[in-house]
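Biologist: Could you put the model up so that we can go through a few side chains together?
Modeller: Sure, here it is.

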Amino acid sequence: MLKKNLTSDEKIMAALSYFWILFLLPLLLKKNNPFCQHHAKQGLVLFIFSLVISVLGGIPILGWLIIMPLGWIAVVLLALMGIVNALQGKLWLMPFLGKYTNKIHL
């Protein structure tokens, strides 16, 4: 869904949400902006997912050869898709992880 009348500041702030810990910036600075909050919550979910991948990637053999490489490819792809959609002004829901975004109430 495309949001209308978004400023470039809002789009950039939403895009920052997908750069690991930087999801905190829009989460804290744009509390009254639903567009930025949506992307910040998705950034939070992606951040948690990346931490899980890092922990599971420490499992010998399975983690090193399968979980870590595939997990980080997924994280990077989801982050890139999120950045592109945020910069285009779209309210985008991440595949697989996006459903957890709606469960976050801050």
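Biologist: Which polar atom sits 2.8 Å from the side chain of E10?
Modeller: That is the backbone nitrogen of T7, which lies 2.8 Å from a polar atom of the E10 side chain. Bear in mind that this is a predicted model, where local features need pLDDT of at least 70 and side-chain atom pairs count only at pLDDT 80 or more, while totals for chains, interfaces and linings use all residues. Residues are numbered from 1 along each chain as its sequence is written, and side-chain values use heavy atoms, with hydrogens and water left out.

Biologist: Is E10 buried or exposed?
Modeller: E10 counts as buried because its relative accessibility is 15%, where buried means under 20% relative accessible area, exposed over 50% and partly exposed in between, with a 1.4 Å probe and protein chains only. E10 lies in helix α1, and helices here are DSSP runs of H or I with at least four residues, numbered from the N terminus.

Biologist: What else does E10 touch, leaving aside neighbours within four places in sequence?
Modeller: Apart from those neighbours, E10 is in contact with N5, N33, F35 and C36, contact meaning heavy atoms within 4.5 Å.

Biologist: And which other residues of α1 are buried, and against what do they pack?
Modeller: In α1, which spans residues 8-16, M13, A14 and A15 are buried along with E10, and the buried residues of this helix pack against α2 (24-29), α3 (34-56) and α4 (62-87).

Biologist: Switching to K41, how far away is the nearest side chain of opposite charge?
Modeller: The nearest one is E10, 15 Å away, and K41 is buried yet has no salt bridge. A salt bridge here is a side-chain nitrogen of Lys or Arg within 4 Å of a carboxyl oxygen of Asp or Glu; for charge, Lys and Arg count as positive and Asp and Glu as negative, without His or the chain ends.

Biologist: So where is K41, and what does it contact beyond four places in sequence?
Modeller: K41 is found in helix α3, and beyond those neighbours K41 is in contact with L27, T101 and I104.

Biologist: How many aromatic pairs are there?
Modeller: The count comes to three, with rings of Phe, Tyr and Trp (its six-membered ring) pairing if their centres lie within 6.5 Å, and planes under 30 degrees apart counting as stacked, over 60 as edge-to-face and the rest as tilted. One of them is the edge-to-face pair of W20 and F47, at 5.0 Å centre to centre and 65 degrees between the planes.

Biologist: Why does that pair tie together separate parts?
Modeller: W20 lies in the loop between α1 and α2 and F47 in helix α3, so the pair ties together parts that are 27 residues apart in sequence. W20 is partly exposed at 47% relative accessibility, whereas F47 is buried at 13%.

Conventions: Helix = DSSP H or I, 4+ residues; strand = E, 2+ residues; numbered from the N terminus. Polar contact = N/O pair within 3.5 Å; in protein donor to acceptor, adjacent residues only side chain to side chain.
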